[in-house]
Amino acid sequence: MTPTYPCTVCGRPETVHFMTMPQMPVHCNVLWPTPAGARQAPRGDIQLHFCPTCGHVFNADFDPALMAYDQAYENSLHFSDRFQQYATALASDLVARYGLQGKDIVEIGSGQGDFLQLLCELGQNRGVGFDPSYDPGAVRASGGQADPGRVRFVPDFYGAKYAGQPADFIVCRHVLEHIEDPAGFLRLVRGAVGPREATIVFFEVPNVLFTLRQQGIWDIIYEHCSYFSPHSLAYAFAQAGFEVLRVAETFGGQFLTIEARPAPAGNPLPTPNTSDLAADVAQFGRLYHDKVQTWQQHLDEMAQSGRRVIIWGAGSKGVSFLNTLPTQDVVAYAVDINPRKEGMHVAGSGQQIVPPTFLPGYRPDNVIIMNANYIDEIGQQLAALGLSAAILVA
Ligand SMILES: [Zn+2]
């Protein structure tokens with residue numbers, strides 16, 4: 001009998017396999033002190049399935065047992081001005097629209113608490129952040145000023161045992177896509193809200209429409225077991241007992257946000273029309289293979305002509321690119337502006353991570369960048385370093 005891979009949102013067994021990325025590093029943001037260690041980083045297969053019922057995309061081969069890690073983990077987006085501006089505008093908007101003044105705010109997966117502090121400062125709110133990886137030392141080292149009267153942190157997973165924690169507003173950003181059973185997780189959140197009908201929940205996840213329609217093939221990483229569409233995100237919340245107030249595409253279409261509150265009993269499940277999404281999915285496999293093949297040719301040409309090649313950006317997209325293609329003998333270094341990554345090595349492919357100031361000594365001929373939005377900024381930085389390398393957008 002052919003095995004079935006039920007949808008991780010709606011549970012329907014009729015899902016369609018449409019893409020395979022074999023043996024990708026399971027962690028893009030774990031830093032490796034040696035190239036040999038980096039090349040032995042744990043790997044797993046990505047098998048993307050699409051659910052025509054709710055419009056969800058997920059990795060049917062995801063194995064949560066591979067996700068345990070004890071290496072240094074660095075995924076701070078703190079160093080991107082654009083991301084910081086986005087977070088500030090988002091917090092102001094939420095405070096204004098939901099009247100968050102003097103309220104109790106819970107953040108699930110609060111990291112080091114930057115966003116929670118922002119929400120609490122803007123509206124004189126009280127915040128509790130739940131995150132098992134919370135490290136007060138890292139907050140102090142980064143100059144963060146946790147205000148103990150306003151915000152506190154619980155180094156634990158949020159769950160039913162915290163149902164008594166006051167919560168007028170529950171925030172959860174970039175967590176749901178990492179959770180093997182998102183439907184179960186949302187039921188747990190709904191259970192913790194209990195009878196408090198006025199509580200608002202706000203979640204943010206990457207938007208699979210952006211990945212599919214902008215050929216964002218490097219956005220697909222093992223750490224994300226779920227790829228939500230607006231359809232599947234709304235379906236997941238309705239199924240868990242929430243009334244969906246709003247779903248929006250944000251951050252230039254790269255993210256989805258959802259706002260919801262407890263639903264009255266008998267709230268009906270949506271029946272999304274997923275035919276457009278099915279068409280996007282159907283052509284994505286071909287686009288993926290075309291793009292990989294084109295880059296294979298570029299890299300072959302660079303290798304044959306003896307060019308010095310580097311990649312700019314050692315985040316998830318860069319790690320995905322470096323491991324999808326055989327880059328080890330062609331791409332010498334990965335540049336990253338995050339000083340905590342300096343001197344470490346990229347998971348899987350093993351390139352050393354260097355700061356921009358390393359480049360004048362190396363004089364690259366080609367610089368591969370992962371996001372067209374940064375082409376001008378990176379071009380200016382290269383010019384300021386006295387370099388005239390050709391920039392290619394991956
Ligand atoms: Zn589904």
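**Note on the strands, one loop and one helix**

1. In this structure, which is a predicted model, five strands make up an open sheet with parallel pairing, and their order is β14-β13-β12-β15-β16. The edges are taken by β14 (352-354) and β16 (390-393), and because each of these has a single partner strand, one side of each is left without a neighbour in the sheet. From one strand to the next the twist averages 30°.

2. Within that order, the pairing of β12 with β15 can be described by residue: strand β12 (residues 309-312) runs parallel to strand β15 (residues 366-369), and four bridges join the two. At the level of single positions, I310 stands opposite V367 in β15.

3. The loop that lies between β15 and α11 (375-384) contains A372. Is A372 buried or exposed? A372 counts as exposed, because it has 11 C-beta neighbours inside 10 Å, and the cut-off for that class is 12 or fewer. The C-alpha atom of A372 is nevertheless separated by 6.0 Å from that of V393, although the two residues are 21 residues apart along the chain; the edge strand β16 spans 390-393.

4. A separate point concerns the antiparallel pairings of β2. Strand β1 (residues 16-25) pairs with strand β2 (residues 43-50) in the antiparallel sense over seven bridges, while β2 also pairs with strand β3 (residues 57-59), again in the antiparallel sense, over three bridges. L48 is a useful residue to follow here, since M19 stands opposite L48 in β2, and L48 in turn stands opposite N59 in β3.

5. The connection from β2 to β3 deserves a look of its own, as these two strands form a hairpin with six residues between them. In the turn, G55 has a positive phi of about 80°.

6. Which residues of helix α3 (residues 114-123) are buried? They are F115, L116, Q117, L119, C120 and G123, and the elements that cover them include the helix α2 (81-97) together with the strands β4 (104-108), β5 (126-130), β6 (151-154) and β7 (169-173). Just after α3, the backbone at Q124 takes a positive phi of about 50°, so that a reader tracing the chain from α3 towards β5 (126-130) will pass this residue on the way.

Conventions. Residues numbered from 1 in each chain as written. Predicted model: local features only at pLDDT ≥ 70, side-chain atom pairs only at ≥ 80, totals over all residues. Pairing = 2+ DSSP bridges. Axes fitted to C-alpha atoms, helices over the stretch in contact; angles between N-to-C directions. Buried ≥ 20, exposed ≤ 12 C-beta atoms within 10 Å, placed from the backbone. Contact = placed C-beta atoms within 7 Å.
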